[in-house]
Amino acid sequence: MNFAKAEFIRSAASPEQFLRDGLPQFAFAGRSNVGKSSVINRLLNRKNLAYVGSSPGKTSQVNYFLVDSRAYLVDLPGYGYAKVSRAEKERWGRLMERYFQEGGSYLTAGVLIVDARHKPTADDVTMHGWFRETGCPEIVVANKLDKLKKSQIDPALALIRETLELPEEGALVPFSAEKGIGKDTLAGLLNKACES
Ligand code: GDP
């Protein structure tokens with residue numbers, strides 16, 4: 001699959017607008033500011049297809065990008081932004097619940113983006129559980145790797161594995177959206193998920 005051939009299709013603010021046309025879907029999730037848009041842009045080789053730095057919390061919508069006419073990259077709304085109102089958080093929760101109930105059946109792989117520098121948050125663990133419940137393969141991306149010293153990398157990855165209880169064979173991709181580290185590995189894993 002050629003990830004450089006991607007186009008924005010639509011934003012869904014409610015479940016009626018979810019896409020259900022049978023094409024495989026890769027869902028990307030991560031807390032606000034973890035660099036989800038940057039990871040998506042890096043993967044798709046674009047500067048600004050997924051909007052970087054969009055005001056956190058105002059993005060309770062599911063964004064669909066069509067990749068190479070073959071699969072959807074689904075950008076799930078970010079979570080965990082402290083200043084979001086309770087009503088907005090509830091809206092987010094309902095939207096995600098519906099996405100995992102309905103869209104879950106189209107999920108070919110889930111991509112959970114965490115911050116390489118930190119222990120995954122409680123929200124990360126919850127999202128990880130939702131991906132696991134769908135039964136689809138999950139790829140964990142540890143972004144912002146460039147912010148770690150070399151000696152810090154292995155312990156940081158071990159902490160992520162331990163907190164998410166990732167099995168030995170579970171995919172954990174060290175990544176830097178800024179430097180382009182991990183891009184080919186992620187693309188390869190997504191391609192593999194699509195083929196199997
Ligand atoms: P989102 O809210 O998860 O979509 O996060 P954004 O993609 O908007 O990124 C949040 C901030 O982190 C921006 O200032 C990015 O430039 C920065 N950022 C994203 N990825 C990386 C990375 O790999 N390394 C570094 N150093 N900064 C990053």
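Visitor: How many nonpolar, polar and charged residues does the shell around the ligand have?

Guide: The model discussed here is predicted. In it, 17 residues surround the ligand, and N33, K36, S37, S38 and D146 are the closest. Sorted by class, the shell has three nonpolar, eight polar and six charged residues.

Visitor: Which helix gives the largest share of the shell around the ligand?

Guide: The shell holds 17 residues. Three of these residues come from one helix, spanning residues 36-43, and that is the largest share. The helix is α1.

Visitor: Which residue has a side-chain N or O atom 2.6 Å from an oxygen atom of the ligand?

Guide: Several oxygen contacts of the ligand may be considered in turn. The side chain of K144 has an N or O atom 3.1 Å from a ligand oxygen, and a polar backbone atom of E178 is 3.2 Å from a ligand oxygen. The distance of 2.6 Å belongs to the side chain of S38.

Visitor: What percentage of the ligand's area does the protein bury?

Guide: Polar contacts to the ligand include one from the backbone of E178, at 3.2 Å. Taken alone, the ligand exposes 580 Å², and the share of this area that the protein buries is 78%.

Visitor: Is K144 buried or exposed?

Guide: K144 is placed in the loop between β6 and α4. Its phi is positive, about 70°, although K144 is not a glycine. Since the limit for a buried residue is under 20% relative accessible area, and K144 has 18%, K144 counts as buried.

Visitor: And is N45 buried or exposed?

Guide: N45 also has a positive phi without being a glycine, here of about 65°. Its place is the loop between α1 and β3. An exposed residue must have over 50% relative accessible area; because N45 reaches 53%, N45 counts as exposed.

Visitor: Where does L44 lie, and which residues does L44 contact beyond its sequence neighbours?

Guide: L44 is placed in the loop between α1 and β3. With a relative accessible area of 0%, L44 is buried. The C-alpha atoms of L44 and R132 are 25 Å apart, with their positions 88 residues apart along the chain. Neighbours within four places aside, L44 is in contact with F3, A4, A6, L49, V67 and L73.

Visitor: Which residues does V141 touch, not counting those up to four places away in sequence?

Guide: V141 belongs to strand β6, residues 138-143. Its relative accessible area is 0%, so V141 is buried. Between the C-alpha atoms of V141 and L43, which are 98 residues apart in sequence, the distance is 12 Å. The residues touched by V141 are V111, L112, I113, V114, V173, F175 and L186.

Visitor: Which element gives the most residues to the largest nonpolar core?

Guide: The largest nonpolar core has 34 residues, and V62, Y64, L76, Y99, M127 and F131 have the most contacts inside it. Elements that give two or more residues include β2, β3, β4, β5 and β6, as well as α2, α3 and α4. With five residues, the element giving the most is α2.

Visitor: How many residues has the other core?

Guide: In the largest core, F131 touches several residues distant in sequence, including A27, A29, L76, F100 and L107. Apart from that core lies another, with F26, F28, V173 and L190 among its members. This other core has 28 residues.

Visitor: How far apart are the C-alpha atoms of F18 and E102?

Guide: F18 is found in the loop between β1 and β2, and F18 is buried because its relative accessible area is 4%. Leaving its sequence neighbours within four places aside, F18 is in contact with R10, A12, V62, Y64, L95, R98, Y99 and E102. F18 and E102 are 84 residues apart along the chain, yet the separation of their C-alpha atoms is 8.8 Å.

Visitor: Which side chain does a polar contact of 2.8 Å join to that of D115?

Guide: D115 lies in strand β5, and at 4% relative accessibility D115 counts as buried. Beyond four places in sequence, D115 is in contact with R31, V34, N143, K144 and I160. The side chain joined to that of D115 by the 2.8 Å polar contact is that of R117.

Note on methods. Residues numbered from 1 in each chain as written. Predicted model: local features only at pLDDT ≥ 70, side-chain atom pairs only at ≥ 80, totals over all residues. Heavy atoms only, no water. Near = heavy atom within 4 Å. Polar contact = N/O pair within 3.5 Å; in protein donor to acceptor, adjacent residues only side chain to side chain. Areas by Shrake-Rupley, 256 points an atom, 1.4 Å probe, with all protein chains shown as cover. Helix = DSSP H or I, 4+ residues; strand = E, 2+ residues; numbered from the N terminus. Nonpolar A, V, L, I, M, F, W, Y, C, P; charged D, E, K, R; others polar. Buried < 20%, exposed > 50% of the residue type's maximum accessible area, 1.4 Å probe, protein only. Contact = heavy atoms within 4.5 Å. Core = buried A, V, L, I, M, F, W, Y, C linked by side-chain atoms within 4.5 Å.
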